[in-house]
Number of protein chains: 2
Amino acid sequence: MTSPPTITDIHEAAERIAPYIHNTPVLTCRSIDALCGASLFFKCENFQKVGAFKIRGATNAVFSLTEEEAACGVTTHSSGNHAAALAQAARWRGITAQVVMPENAPEIKKTAVAGYGAQIHLCPSTLQAREEGLAEIQRETGAVFIPPYNDWRIVAGQGTAALELSQETKDLDFVVAPVGGGGLLSGTALAFSALSPNTSVIGAEPANADDACRSLKAGHIIPADNPKTIADGLLTSLGDLTFSVIRQHVAEILTVSEEEIIRAMRTIWERMKIIVEPSAAVALAVVMANREKFSERRIGLILSGGNVNLANLPWKA
Amino acid sequence: MTSPPTITDIHEAAERIAPYIHNTPVLTCRSIDALCGASLFFKCENFQKVGAFKIRGATNAVFSLTEEEAACGVTTHSSGNHAAALAQAARWRGITAQVVMPENAPEIKKTAVAGYGAQIHLCPSTLQAREEGLAEIQRETGAVFIPPYNDWRIVAGQGTAALELSQETKDLDFVVAPVGGGGLLSGTALAFSALSPNTSVIGAEPANADDACRSLKAGHIIPADNPKTIADGLLTSLGDLTFSVIRQHVAEILTVSEEEIIRAMRTIWERMKIIVEPSAAVALAVVMANREKFSERRIGLILSGGNVNLANLPWKA
């Protein structure tokens, strides 16, 4: 794919991945509606395979490969959900996955990625070391690099969550999706701009990692400089592909504080009795922090994932 | 109602409460199935109104009252989910609810019950003080006492969860429900003995509060003596009504340790990404602890509730 996915591409991605992934439920919660003074529709990708929407893009990319491309397996560098997702997708296709991870990645993540059957290559925790490790694997094995977000196959795959959301809702005024590297947000924007052009797509971003917000205002990519946020899925900066889509199809990026993210996360846990990771809560945090803007509106929110360390929660009594 | 509810009574209860409660989803989880070597069907009462199945019995009881009976409101003594459920049911009917609570009940529970609109009467934390407080309210206001479990209207209401479970599953070999006072277990047993007599109904009980297990073996009620378990919804002992049903219709009671309960609870949180309270996890703990018995069987489990203090979880890293 050399240009942004069309709605046809997203539909094709949905068909391609349908045998493997869940069509996750869209939940509502009256008490959160009352709290926000709006009607909220939560697309629950925390219930997705591998615990996050990332499996959509990874599966679409892996099953888009020709037999010849797939023969030598796939590779990526990631310490997060993308690595686990790529490992699972490769296993479904019956090919190898090799993942470059920083040696200081949490044991829990190494174990998870290994559990899905990937070969892990540890490297020093610099971007340079990761890229060198990746290049070496590609040279030695011929494995195909599947990037975590800046790739049209990934964007099309992530857009399938929005496609499903649009099929289960109607007349949404807004859709709010978290933004890190921008794969989910750009896929969501492409889907809704085609299916429901009156729906305004909004990116939700931690103020502590607000590169997308600043990049959109500046008109060019301003990478985040060593950002720190509890929403650890949103630390990455936009790529050139995702930036181009977001620039064209996303209405605005709204940012929230760490406290707002934690409050929104706890609200979801307490009121909906479901487990979401901090990155997923950023969308609700944006709605809660902008009460007037969203008052009495119908809002879709993409709960991006549910992978959280239960032994280290961000609140006290 | 002067005799145990028939399946017709349970159907009528279901109709009576249908406008108010959720028909909660039945979820499955492949990774827990693999862990247990069985097919599990989780009836998710953690997603129920007020966060627990208790709303079923309370709503059935409150809406079973005649206009005359209801005029002076309802009352109960409870520090748990029943108090919140009765308060909510009374609010739906537009009558008052007066709840006697021990003065040392957690603030979080007092706030919750007050939040549903009940009048709270604090008393010393002895059974005698609670019963005196209750008697005084009945004398002064004429409010009708709605007991938490030892009442056929309550049992019929709790049985509606099993009714829904039976409608969404077939050929279950077992249904496992937690047992405290026995309202949920006896309602479940009455429903399944009528609808699916080949399904064996099993009670799940903490070893630290095993009065139901011991009572069943002894053939008479042996109340628990100051039991201590993390499954705080299961501290109460059987009543004469629930005991009589359980004796007749429940195959056996299986007990589990505190460690097994905590492990099962964490398994549900991590694998299913849903929040359940410790009492709800006791059913899965029983299945995990008796692998051979349940091997390759189809098992319904009633996840009784999801009200848990998120700031005080029972595990460390």
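These are legends for close-up views of a predicted model.

Because this is a predicted model, local features need pLDDT of at least 70 and side-chain atom pairs count only at pLDDT 80 or more, while totals for chains, interfaces and linings use all residues. Residues are numbered from 1 along each chain as its sequence is written, and chains are lettered from A and ligands numbered from 1 in the order in which they are written.

**View 1. Chain A as a whole.**
Start with the overall fold: chain A has 14 helices and ten strands (DSSP runs numbered from the N terminus, H or I over at least four residues for helices and E over at least two for strands). Its radius of gyration is 18 Å, close to the 20 Å from the globule rule for 317 residues, so chain A is as compact as a globular protein of that length (the radius is taken over C-alpha atoms, and the rule is 2.2 Å times the number of residues to the power 0.38). The C-alpha trace spans about 55 × 45 × 40 Å along its principal axes. Some 55% of the 317 residues count as buried, meaning that 20 or more other C-beta atoms lie within 10 Å of the residue's own; 12 or fewer makes a residue exposed, anything in between partly exposed, with C-beta atoms placed from the backbone.

**View 2. Where the two domains of chain A touch.**
The domain assignment, automatic or from a database, splits chain A into domain 1 (7–52 + 151–303) and domain 2 (55–145). Taken over C-alpha atoms, their centres are 25 Å apart. Domain 1 puts 19 residues into the contact and domain 2 puts in 14 (contact means C-beta atoms, placed from the backbone, within 7 Å). On the domain 1 side, α1 (7–17) and α8 (152–168) of chain A are the elements that give two or more residues, and α8(A) has the largest share with seven. By class, that side has nine nonpolar, six polar and four charged residues; Ala, Val, Leu, Ile, Met, Phe, Trp, Tyr, Cys and Pro count as nonpolar, Asp, Glu, Lys and Arg as charged, and the others, Gly among them, as polar.

**View 3. Helix α12 of chain A and its buried side.**
Helix α12 (residues 258–272) has 15 residues, which at 1.5 Å a residue should span 21 Å, and its end C-alpha atoms are indeed 21 Å apart (the expected span is 1.5 Å times one less than the number of residues). Buried here are Ile261(A), Ala264(A), Met265(A), Ile268(A), Trp269(A) and Met272(A). They cover an arc of only 135° around the axis, so they sit on the same side of α12(A); the arc is that of the directions from the helix axis to the C-beta atoms. Their packing partners are β1 (26–27), β8 (200–206), β9 (252–256) and α13 (278–289) of chain A. Just after the helix comes Lys273(A), with a positive phi near 60°.

**View 4. The contact between chains A and B.**
Chain A brings 16 residues to this contact and chain B brings 17. The chain A side divides into eight nonpolar, four polar and four charged residues.

**View 5. Two helices of chain B.**
In helix α3 (residues 54–64) of chain B, ten of the eleven residues are buried, including Ile55(B), Arg56(B) and Val62(B). Among the elements covering them are α1 (7–17), β3 (74–77) and α5 (81–93) of chain B. Glu15(B) is in helix α1 of chain B and counts as exposed, with 9 C-beta neighbours inside 10 Å.

Note on methods: Two residues are in contact if their C-beta atoms, placed from the backbone, lie within 7 Å.
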